[in-house]
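Biologist: Could you take me through this one, pockets to begin with and then the sheets? I would like to look at it while we talk.
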Amino acid sequence: MKQFYGMSQRGNLDEALSGLRNPEFIMLLSNNNQFEAHVKALEQRFPGVPSIGCIGMSYQLGVVENGVGVIAFSEGVTAAAGVLEEVSAMPVKYIQRMERDMQAVGGTGGDTVCIDFCAGNDACVLTTIHTVLHKRGVPLVGGTGGEGRVSANGRVYADAVSYGLVRNRGGRVKTYKENIYHQLGDYRFIASDTDRANYILGSLNGKPAKQVYKSILHVTDEEILTRTFQNPFGKINGDDTCIISIKEVNGNALACFRQVNDSDVLILLELGDYQAITRNTIQQIQREFPRRSAVFSVNCLFRYKLFSERGYMQTYLREMGALGCHAGLVGYGEHYNNRFVNQSMTCAVFE
């Protein structure tokens, strides 16, 4: 298979599509003002080609913050795209759509991946999608788009998740997740006084969450928001740790970008040697996939801000570019199989 990446910093879709021939699956990453027009124009340009889209930044060797990016697969791909609606209330109502598409595409976890763009209620959506994917062992990589809208097959939807099922007829597919954080000290907390709907973390070990965080790190209320780049929370999930970013201070509580439940076990994390960690990820992919036709990744907005502030973003993209044809999305939340994570990188590698 082949992966195409085209972009326009000016938001010119024709410029972004220049050179694209006979795509079999397309991902559109556009800006808020032009999203609907781009979705319509893309369908007119490539009618009937499975496509998904969202409002977000794209990248290859540079980042397109407010223009348009197009990532497409061709030459040896079987794909289907669809949408689950009413994700805030009942995404399972539409699950038969995915079941039909999965049947049509075929494939298993060895050669097929699901890529999704979500407009909200991510944790519930991923649990719903997993009921279809786990039967065939198909992995998932995706992320949250902006402004509450996504697209599928030439139509724009609110309160929805768009998905693409992509089968690589020429080889394997494997997904990866990268965590650049490790545990700080031996702090261990039991969450309580949570508001699941609004992602509020009220108390840690019976004490106000804000005060616990401030007393450990010796920061002010204002510094909490930027300190999450260095010290987010982590939720223990089996042998994995899901990162929980802090969104804002809410009275004596903390509003997060990921749902926290009463009795969840949390730890405090600190930023590791991210340059060494990203190099290790690249080397692992190179070992496990000596031949690579495409790498699609989703990087968290917070990682983008962190890397940019430290002058590492361009170096990071250049090093990822050594894998071959690499492109991706800057997301507001990252998806990995049935997990909704923050401040992470997830990716799908195609042989």
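Modeller: Gladly, and please keep in mind that this is a predicted model. We can start with the second largest pocket, where α4 (122–133), β19 (233–237) and β27 (339–341) each supply at least two residues of the lining.

Biologist: Which residues line that second largest pocket?
Modeller: The lining of the second largest pocket consists of Ala123, Thr127, Lys235, Asn237, Arg258, Gln259, Asn261, Asn338, Arg339 and Phe340. By class these residues divide into two nonpolar, five polar and three charged, and the space in this pocket comes to about 190 Å³.

Biologist: And how much space lies in the largest pocket?
Modeller: The largest pocket holds about 330 Å³ of space. It is lined by 16 residues, of which Asp122, Thr144, Tyr199, Lys247 and Phe257 are the closest to its centre. The class make-up of this lining is eight nonpolar, six polar and two charged residues.

Biologist: Tyr199 caught my eye there. Where does Tyr199 lie?
Modeller: Tyr199 sits in the loop that runs between β15 (189–192) and β16 (200–201). Its phi is positive, near 60°, in a residue that is not glycine, and that deserves a second look because most residues other than glycine have a negative phi.

Biologist: Is Tyr199 buried or exposed?
Modeller: Tyr199 counts as buried, because its relative accessibility is 17% and the cut-off for burial is under 20%.

Biologist: Which other residue has a positive phi although it is not a glycine?
Modeller: Glu147 is one, with a positive phi of about 60°. Glu147 is placed in the loop between β9 and β10 (149–152), and since its relative accessibility is 56%, Glu147 counts as exposed.

Biologist: What about β9 itself, how many of its residues are buried?
Modeller: Five of the five residues of β9 (residues 140–144) are buried, so this strand is largely enclosed by the rest of the structure. Its partner β8 (residues 112–118) pairs with β9 in the parallel sense over five bridges, and within that pairing Cys114 stands opposite Leu140.

Biologist: Let's switch to the sheets. What is the strand order in the sheet that contains β10?
Modeller: That is an open sheet of six strands in the order β1-β6-β2-β3-β10-β11, with mixed pairing. Its edge strands, each pairing on one side only, are β1 (2–8) and β11 (155–158), and from one strand to the next the twist averages 20°.

Biologist: How do β10 and β11 pair?
Modeller: They pair in the antiparallel sense over four bridges, with Val150 standing opposite Tyr157 in β11. On this sheet packs α2, which touches β2 (25–30), β3, β6 (68–74), β10 and β11, and whose direction makes about 160° with that of β2.

Biologist: What about closed cavities, how many of 30 Å³ or more does the search find?
Modeller: The search of the whole structure finds one cavity of 30 Å³ or more, and the largest cavity has a volume of about 30 Å³. Leu28, Val39, Leu42, Ser51, Ile52, Gly53, Ser151 and Gly154 line this cavity, with α2 (35–45) and β3 (51–55) as the elements that give two or more residues to the lining.

Biologist: Which element gives the largest share of that lining, and how do the residues split by class?
Modeller: The largest share, three residues, comes from β3. By class the lining of the largest cavity has four nonpolar, four polar and no charged residues.

Biologist: Last topic: what is the order of strands in the sheet with β4 and β25?
Modeller: That open sheet also has six strands, in the order β5-β4-β25-β24-β28-β13 and with mixed pairing; the edge strands are β5 (63–64) and β13 (173–178). Strand β4 (residues 57–59) and strand β25 (residues 326–331) run antiparallel and are joined by three bridges, and Met57 has Val330 of β25 as its bridge partner.

Biologist: Which helices should I look at alongside it?
Modeller: Helix α7 (residues 274–288) lies across β13 and β28 (345–350), running at about 165° to β13. Helix α8 (residues 301–309) packs on the sheet and touches β4, β5, β13, β24 (294–300), β25 and β28, its direction making about 85° with that of β24.

Technical notes: Residues are numbered from 1 along each chain as its sequence is written. This is a predicted model: local features need pLDDT of at least 70, side-chain atom pairs count only at pLDDT 80 or more; totals for chains, interfaces and linings use all residues. Side-chain values use heavy atoms; hydrogens and water are left out. On a 1 Å grid over the protein atoms alone, a cavity is a set of points where a 1.4 Å probe fits but cannot get out, and a pocket is an open set with protein on both sides within 12 Å along at least five of seven lines; lining residues have an atom within 4 Å of a point. Grid points are joined across faces, edges and corners, and a volume is the space filled by probe spheres set on the points. Ala, Val, Leu, Ile, Met, Phe, Trp, Tyr, Cys and Pro count as nonpolar, Asp, Glu, Lys and Arg as charged, and the others, Gly among them, as polar. Two strands pair if DSSP finds at least two bridges between them. Contact means heavy atoms within 4.5 Å. Axes are lines fitted to C-alpha atoms, for helices over the stretch in contact, and angles run from 0 to 180 degrees between N-to-C directions. Buried means under 20% relative accessible area, exposed over 50%, partly exposed in between (1.4 Å probe, protein chains only).
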